[in-house]
Amino acid sequence: STMKRSNNVSSSRRKSRKAHFSAPSSVRRKLMSAPLSKELRQKYNVRSLPIRKDDEVTVTRGHHKGQQTGKVISVYRRRWVIHIERIQRDKANGATVNVGIHPSKVEITKLKLDKDRKKILER
């Protein structure tokens with residue numbers, strides 16, 4: 001017996017990469033989800049949520065790992081990254097730029113709740 005396959009799903013690397021990188025902003029929101037911290041996970045029974053401005057996060061991977069928590073300043077969907085306050089570096093010309101960090105490498109420690117967010121959590 002063969003596995004039932006739907007015709008509009010492809011496992012081809014080329015197509016899935018194309019879909020990933022040309023995904024519209026609405027789809028990117030889903031793809032840019034971040035895991036919740038242990039406490040929040042118990043509280044809401046939810047493992048991860050699409051990241052959002054004003055959430056507080058800690059970085060769990062890479063150079064900025066384990067520094068203090070910071071608020072998410074912007075979710076830069078076009079570049080698949082989020083900017084977090086206090087995580088920046090100085091460029092050679094003296095300008096400071098925010099370091100973009102991929103949401104899968106951070107952990108949400110505090111959610112900004114509003115009615116839409118609550119609805120998602122109650123599902």
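Here are legends for three close-up views of this predicted model.

**Figure 1. A close-up of Val106 in strand E7.**
Let us begin with Val106, which sits in strand E7, a strand covering residues 106-110. Its relative accessible area is 1%, so Val106 is buried. Beyond residues up to four places away in sequence, Val106 touches Ala34 and Pro35, then Ile51, and also Val57, Thr58, Val59 and Thr60. Ile82, Ile84 and Ile101 complete that list of contacts. Lys65 is worth finding too: Lys65 and Val106 are 41 residues apart in sequence, while their C-alpha atoms lie 8.7 Å apart in space.

**Figure 2. A close-up of Leu49 in strand E2.**
Next comes Leu49, part of strand E2, which runs over residues 48-50. Leu49 counts as buried because its relative accessibility is 2%, and buried means under 20%. Setting aside neighbours within four places in sequence, Leu49 is in contact with Ser33, Ala34 and Leu36, as well as Ile108, Leu111, Arg117, Ile120 and Leu121. You can also look for Pro35: from C-alpha to C-alpha, Leu49 and Pro35 are 6.5 Å apart, with their positions 14 residues apart in sequence numbering.

**Figure 3. A close-up of Ser37 in a loop.**
Our last stop is Ser37, found in the loop that links strand E1 (33-35) to helix H3 (38-44). Is this loop residue, Ser37, buried or exposed? Ser37 counts as buried, because its relative accessibility is 4%. Not counting residues up to four places away in sequence, Ser37 touches Glu107, Ile108 and Thr109. Ile108 may look familiar, as Leu49 is in contact with Ile108 too.

Note on methods
Residues numbered from 1 in each chain as written. Predicted model: local features only at pLDDT ≥ 70, side-chain atom pairs only at ≥ 80, totals over all residues. Heavy atoms only, no water. Helix = DSSP H or I, 4+ residues; strand = E, 2+ residues; numbered from the N terminus. Buried < 20%, exposed > 50% of the residue type's maximum accessible area, 1.4 Å probe, protein only. Contact = heavy atoms within 4.5 Å.
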